[in-house]
Amino acid sequence: MRSAGLAAFRDSLRAILHVQASRADEIQDWEQVKLLSVQVNRLQRWWRPGLLCIGDAAHAMSPVGGVGVNLAVQDAVAAANLLAEHL
Ligand SMILES: Cc1cc2nc3c(=O)[nH]c(=O)nc-3n(C[C@H](O)[C@H](O)[C@H](O)COP(=O)(O)OP(=O)(O)OC[C@H]3O[C@@H](n4cnc5c(N)ncnc54)[C@H](O)[C@@H]3O)c2cc1C
C-alpha cells in the first residue's frame with residue numbers, strides 16, 4: 001500500500017467507506033495510518049484452579065460490531081453472581 005502512495009490509499013478508502021468521501025482527504029501522512037491486528041478467538045478452557053479468564057482473555061472480540069465491552073461486563077456479572085457467595 002505504501003509503495004502505491006497515499007493518493008491510491010485515499011482512493012481505496014473512498015471506494016470502501018460509507019462515510020463522506022472527503023474524509024479520506026484528512027489523511028495526509030502515513031503516520032496517521034496504523035495497522036490494528038484483530039483477532040476473534042476463544043480459549044477451549046477458560047479456567048483452571050485459582051484462575052478464571054473472562055472478557056477478551058477468554059474470547060477476544062473484534063472491534064467490528066462493538067460488543068466486546070458488553071460481553072466482558074456480562075462475564076464479570078455472571079462470574080460475580082456465581083462465585084461471590086462461595087468466595
Ligand atoms: C480499536 C478497538 C475498538 C473497540 N471498540 C469497541 C466498541 O466500540 N464497543 C465494544 O463493546 N467493544 C469494542 N472493542 C472491544 C473491547 O475493547 C474489548 O472487547 C473489551 O475491552 C474487553 O475487555 P476486557 O476487560 O476483557 O479486556 P481489556 O479491556 O483489554 O482489559 C485488560 C486490562 O488488563 C491489563 N493488563 C494486561 N496485562 C496485564 C498484567 N500482566 N498485569 C496487569 N494488568 C494487565 C491491560 O492493560 C488492560 O487494562 C474494541 C476493541 C478495539 C481494539
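Let me start with the ligand, which in this predicted model is surrounded by L36, G55, D56, A57, M61, P63, G66, V67, G68, V69, N70 and A72. Sorted by character, the residues of that shell divide into seven nonpolar, four polar and one charged.

I would like to stay with one member of the shell, D56, for a moment, since D56 is among the residues around the ligand and is found in the loop between β2, which covers residues 51-52, and α2. Is D56 buried or exposed? It falls between the two, because D56 has 16 C-beta neighbours inside 10 Å, and that count makes it partly exposed, given that 20 or more would be needed for buried and 12 or fewer for exposed. If we set aside the neighbours within four places in sequence, D56 is in contact with M61, G68 and A72, and each of these three also appears in the list of residues surrounding the ligand. For the pair D56 and G68, the separation is twelve residues in sequence, while the C-alpha atoms lie 7.3 Å apart in space.

That brings me to helix α2, which runs over residues 68-83. With 16 residues at 1.5 Å a residue, α2 should span 22 Å, and the C-alpha atoms at its ends are indeed 22 Å apart, so the expected and modelled lengths agree. As for its surroundings, the number of buried residues among the 16 of α2 is zero, and the helix therefore lies largely in the open.

Two valines of this helix illustrate the point. V73, which is found in α2, counts as exposed because it has 12 C-beta neighbours inside 10 Å, and its C-alpha atom is separated by 7.3 Å from that of G55, a residue 18 places away along the chain. V77, which also lies in α2, is exposed as well, with 11 other C-beta atoms within 10 Å. Between V77 and L35, however, there are 33 Å in space, C-alpha to C-alpha, for a separation of 42 residues in sequence.

Let me now step back to the whole chain. How many helices and strands make up the secondary structure of the protein? There are two helices and two strands, and read from the N terminus the elements follow the order α-β-β-α. The radius of gyration is 20 Å, well over the 12 Å that the globule rule gives for 87 residues, so the protein is more spread out than a compact globule. Along the principal axes, the C-alpha trace spans about 60 × 25 × 20 Å, and 1% of the 87 residues count as buried. Turning to contacts with a separation of 6 or more, 15% of them are accounted for by residues 24 or more positions apart.

Finally, the domain assignment gives domain 1, residues 1-35, and domain 2, residues 47-83, with 34 Å between their centres, taken over C-alpha atoms. In terms of that assignment, helix α2, residues 68-83, falls within the bounds of domain 2, and so does D56, with which I began the discussion of the shell.

Terms used. Residues numbered from 1 in each chain as written. Predicted model: local features only at pLDDT ≥ 70, side-chain atom pairs only at ≥ 80, totals over all residues. Near = placed C-beta within 6 Å. Nonpolar A, V, L, I, M, F, W, Y, C, P; charged D, E, K, R; others polar. Domains from an automatic or database assignment. Helix = DSSP H or I, 4+ residues; strand = E, 2+ residues; numbered from the N terminus. Expected span 1.5 Å × (residues − 1). Contact = placed C-beta atoms within 7 Å. Rg over C-alpha atoms; globule rule 2.2 N^0.38 Å.
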